[in-house]
Amino acid sequence: MQGGGGRGIWFDSAATGFLVAAGHRLEYRTIAATRTVGPVLVFLHEGLGSRDLWREFPDRVAERTGCAALVYSRYGFGRSDPLTRQRGPEYLDIEALEALPEVLAHFGIERPILIGHSDGGTIALIHAAAGRWPVRGLVIMAPHIFVEDVTLEGIRQAKAAFTTGGLRRKLAPWHTDVDATFSGWADVWLTVEFHDWSIEPRLTGITCPVLLIQGELDRYGSQVNATARLVSGPAEVMLIPKCGHAPHVEREELVVGAIVRFVERV
């Protein structure tokens with residue numbers, strides 16, 4: 001597949017495998033394109049997600065748009081290398097400015113559309129705001145751009161569910177080291193050092209079109225309107241009634257349709 005998105009023979013066929021980015025072995029999956037020219041869609045999972053926890057959502061988006069797609073697990077998630085030490089407050093920057101560029105370079109992907117959920121949305125925003133790599137567009141679901149009390153409370157509740165409830169059992173099949181995966185996400189957010197974390201000043205560096213999607217019942221807070229005000233490019237906000245933190249799961253068809261229309265425009 002050439003032009004507008006990337007190059008490399010994998011765009012003509014589906015594949016799974018491993019690559020090395022930012023010094024770590026990461027699992028990936030590619031989805032073949034059904035059109036000859038167009039952007040590559042790159043899916044960036046949430047704070048407890050992985051390549052496979054996206055389930056069939058990337059396939060449905062790729063099928064409806066005709067675009068090739070790349071889905072991968074970040075360091076510490078899925079079957080990618082497990083964490084060997086606790087993350088610091090800079091972990092989102094490392095993923096956005098070191099790991100993601102190496103992943104894109106590995107496949108020769110140029111001007112992708114980044115589709116990110118929660119932490120993945122934040123990583124996409126940081127990457128695009130840096131202005132070092134051309135980005136065709138962003139689809140951002142439930143991003144974090146600063147720390148809210150409601151976000152921290154949601155994480156505390158998740159920690160309680162992991163420790164004494166069924167969350168650990170639910171996540172265990174999807175991650176090589178589920179305890180390291182969970183603590184690597186939750187514990188850094190709950191540190192004092194992270195409370196003043198914010199990427200708000202950087203967002204003016206985003207000039208590409210942005211589609212921002214959030215459920216109105218998201219227990220981790222809502223920052224899509226603030227994000228839309230801060231970016232320099234055109235931004236569309238989609239607030240979904242009776243929907244929580246995972247719009248692509250809870251209202252899949254609605255979200256897929258919105259992404260298809262966005263891809264057609266950009």
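Lys242 is exposed in this predicted model. Its relative accessible area is 76%, which is over the 50% cut-off for exposure. The residue sits in the loop between strand S8 (235-240) and helix H8 (247-250). Its backbone is notable in one respect: phi of Lys242 is near 55 degrees, a positive value in a residue other than glycine.

Ala142 also has a positive phi, of about 50 degrees, and is not a glycine. The loop that holds Ala142 runs between strand S6 (137-141) and helix H4 (149-164). Ala142 has a relative accessibility of 1% and therefore counts as buried, since the limit for burial is under 20%. Thus Ala142 is buried, whereas Lys242 is exposed.

The protein chain contains 9 helices and 8 strands. Its 266 residues would give a radius of gyration near 18 Å in a compact globule. The value for the chain is 17 Å, so the two agree. Along the principal axes, the C-alpha atoms fill a box of roughly 50 × 40 × 35 Å.

Burial extends to 57% of the 266 residues. Among contacts with a separation of 6 or more, 76% come from residues 24 or more positions apart.

The accessible surface of the protein chain is about 11,000 Å². Carbon and sulfur atoms account for 51% of that area. The chain carries 27 positive and 31 negative charges. The mean positions of these two sets lie 4 Å apart.

Key. Residues are numbered from 1 along each chain as its sequence is written. This is a predicted model: local features need pLDDT of at least 70, side-chain atom pairs count only at pLDDT 80 or more; totals for chains, interfaces and linings use all residues. Side-chain values use heavy atoms; hydrogens and water are left out. Helices (H or I, at least four residues) and strands (E, at least two) are DSSP runs, numbered from the N terminus. The radius of gyration is taken over C-alpha atoms; the globule rule is 2.2 Å times the number of residues to the power 0.38. Buried means under 20% relative accessible area, exposed over 50%, partly exposed in between (1.4 Å probe, protein chains only). Contact means heavy atoms within 4.5 Å. Accessible areas come from the Shrake-Rupley method with a 1.4 Å probe; for residues, only the protein chains shown count as cover. Lys and Arg count as positive and Asp and Glu as negative; His and the chain ends are not counted. The place of a charge is taken as NZ of Lys, CZ of Arg, CG of Asp or CD of Glu.
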